[in-house]
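Here is a short set of exercises to work through with the structure open beside you. Try each task before you read its solution.

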Amino acid sequence: AISCAGKLFSAGITAAPDLFLSLQAWSRSNCDPPLGDAELLDIATRAAATFEPAVDTTVSPDWTTPEAEAVETAEDVAGEINDILREPGLSAKNPGGKTEREKEHLICLIIHKHLKANGKLFNCGNVATFVDNKKREIIQITKGNPHFARLLMRYGVFPADKLTMAIGMFLGGIATTAAENTIYAMSFYNRDKHILYVNEYEGNFLKIDGTGAVTRMRNGDDNMLFSDGKDSQCEPLAAELADVRSQAILCGPLSLDSGPGLIKSEILDTINYSEDGIGKESSQLILLLCILALYFPERIPSMPQTFLLGQGASMKTSLAVKVGKLIQGPKFAARPATDDVKELKDMAISLPFLVLDEANQVRKLTNALKVIATGGIDHRRELYTTAEMRCTPYQARIWMTANTDSLTNETITSRLMIIDAAARTEAEPYCSEHYLVWSEDERNAIWTELVGRLSAAM
């Protein structure tokens, strides 16, 4: 039977479920009595694992292979699974029936086969991660993940079913040999190839090469994976690529007076700048540099956190929030500064950009902020097996606001880029909301300028 499995594999029958069914037919014709399903299933599983070629993690996944054009639908697979579950089990009256364990194994193999035919499986920080061919949606296979639950429901497997745990553990084990990858929230700069990748959410991202050329790509292209932004309430962005090219030529990355000037007028001019410090022009240049630096954490190993300091109603929080609304969308809001380290770390692995408001006692956050600023990795058990730890890099870029100066620790101040906001001079200062209303087109116009400046910076 093992020799037969090798011949079947050489003939192109490589998936464990297909090997099992072919071995079943061979056994009935050549063995007396036929081999049991448990033995055949074990041979098929081991043969598929033994003969399967090693994954080349340096090659970008091919999303247009014939395998990707699968004819069998999820509904077809759901029907197969129901047929397997309805089959009479092993008993004295039915010696050829399958045990519950054998049925469970076969269902895991069938679902894995269909997933492989319709997408790619990655190992992202010890987490099995599925990316489908059509929508390029990223689904991480972890306990309680509603996206994974929805995926299994397509196959007729519900969250409370015993099969859910078995399938999750099976796919987690399979993913240990899959291509290793990382899901990026906001951007990734490839230092070796001098290429910047920038997330636009909903499965799209921009590739900016060393010449400044900008190309829109889809999740999985160039072997890059980006969060779709839904869990962190990010709205999609869409830079006008024709305008990006012209702006990259006309404006320098740090020239405030070149290009459309929307970043200056819509964001940087929100606050008054204290003349007691470095003044308006220098402060705006630093803030523009801080905005561009948000997209180059790999180039700046210890990213300083921008710290806006000023009295109440100076609009400092409005400026920081506008940066967040540009990056993430209209639902972005500042979050109260917390001295709960776990809460801060949770936000730092789930959000691309974070504004901590009223961070007047920043010393309580010192150690956590240092780890986040230097690109540390969060370790926790959230998998279907406790043998492995889920490893997630801290990706949030953090800005803070405060109205009192508690920066007495040199270790803290060396990691902050401090900008002084002056008091408002109007008789009736605008309310914060006045500065925070952009239409989708206006946001994309500002985004287009920012992408142009990123392109010029390359």
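The exercises below go from the whole chain to single residues of one helix and then to two loops.

**Exercise 1. Getting an overview**

Task: Find how many helices and strands the protein chain has, and what share of its residues counts as buried.

Solution:
- Start with the kind of model: it is a predicted one.
- Next, go through the secondary structure, where you should find 15 helices and 18 strands.
- Then turn to burial: 49% of the 458 residues count as buried.
- Finally, look at how contacts are spread along the sequence. Taking contacts with a separation of 6 or more, 68% are between residues 24 or more positions apart.

**Exercise 2. Checking the confidence**

Task: Work out what the average pLDDT of the protein chain is and how many contacts the model has for residues 65–70.

Solution:
- The average pLDDT of the protein chain is 82, and 82% of the residues score at least 70.
- Now go to residues 52–61, where the pLDDT is below 50; this stretch has 17 contacts in the model beyond near neighbours in sequence.
- Residues 65–70 also have a pLDDT under 50. For them the model has nine contacts beyond four places in sequence.

**Exercise 3. Two helices against α15**

Task: Determine at what angle α11 and α15 pack, and which residues of α10 and α15 make their contact.

Solution:
- Begin with helix α11, residues 316–327, whose axis is 9 Å from that of α15 at an angle of about 90°. Angles of 65 to 115 degrees count as roughly perpendicular, so α11 is roughly perpendicular to α15.
- List the residues in this contact: α11 brings Lys325, Leu326 and Ile327, while α15 brings Arg443, Ile446, Trp447 and Leu450.
- Sort them by class, and you get five nonpolar, no polar and two charged residues.
- Move on to helix α10, residues 280–293: its axis and that of α15 come within 10 Å and cross at roughly 85°. Helix α10 is therefore also roughly perpendicular to α15.
- Here the contact joins Leu288, Ile291 and Leu292 of α10 to Leu450, Arg453 and Leu454 of α15.
- By class, this contact has five nonpolar, no polar and one charged residues.

**Exercise 4. Three residues of α15**

Task: For Asn444, decide whether the residue is buried or exposed, and find which backbone nitrogen its side chain reaches. Then look at Trp447 and Glu449.

Solution:
- Locate Asn444 in helix α15, which covers residues 440–457. Its relative accessible area is 12%; buried means under 20%, so Asn444 is buried.
- Follow the side chain of Asn444 to the backbone nitrogen of Ala238, at 2.9 Å. Beyond four places in sequence, Asn444 is in contact with Leu237 and Ala238.
- Trp447 is in α15 as well, and at 0% relative accessibility it counts as buried.
- The contacts of Trp447 beyond four places in sequence include Leu237, Ala238, Ala239, Tyr295 and Leu326. Trp447 and Ala239 are 208 residues apart along the chain, yet their C-alpha atoms are separated by 6.1 Å.
- Glu449, again in α15, has a relative accessibility of 0% and counts as buried.
- A polar atom of the Glu449 side chain lies 3.4 Å from the backbone nitrogen of Gly261. Not counting residues up to four places away, Glu449 touches Gln247, Pro260, Gly261, Leu262 and Ile263.

**Exercise 5. Two loop residues**

Task: Find where Gln233 lies and which residues Gln311 is in contact with, leaving aside its neighbours within four places in sequence.

Solution:
- Gln233 lies in the loop between β10 (225–226) and α8 (241–250). With 46% relative accessibility, Gln233 counts as partly exposed.
- Leaving aside neighbours within four places, Gln233 is in contact with Gln328 and Lys331. Lys331 is 98 residues from Gln233 in sequence, while the C-alpha atoms of the two are 6.6 Å apart.
- Gln311 lies in the loop between β12 (305–309) and α11.
- Leaving aside neighbours within four places, Gln311 is in contact with Lys316, Asn403 and Ala423.
- To finish, compare sequence with space: Gln311 and Ala402 are 91 residues apart along the chain, and 7.9 Å separates their C-alpha atoms.

Terms used. Residues are numbered from 1 along each chain as its sequence is written. This is a predicted model: local features need pLDDT of at least 70, side-chain atom pairs count only at pLDDT 80 or more; totals for chains, interfaces and linings use all residues. Side-chain values use heavy atoms; hydrogens and water are left out. Helices (H or I, at least four residues) and strands (E, at least two) are DSSP runs, numbered from the N terminus. Buried means under 20% relative accessible area, exposed over 50%, partly exposed in between (1.4 Å probe, protein chains only). A polar contact is a pair of N or O atoms within 3.5 Å; within protein, one must be able to donate a hydrogen and the other to accept it, and residues adjacent in sequence count only if both atoms are side-chain atoms. Contact means heavy atoms within 4.5 Å. Axes are lines fitted to C-alpha atoms, for helices over the stretch in contact, and angles run from 0 to 180 degrees between N-to-C directions. Angles under 35 degrees count as roughly parallel, over 145 as roughly antiparallel, 65 to 115 as roughly perpendicular and the rest as oblique. Ala, Val, Leu, Ile, Met, Phe, Trp, Tyr, Cys and Pro count as nonpolar, Asp, Glu, Lys and Arg as charged, and the others, Gly among them, as polar. pLDDT is the predictor's confidence in each residue, from 0 to 100.
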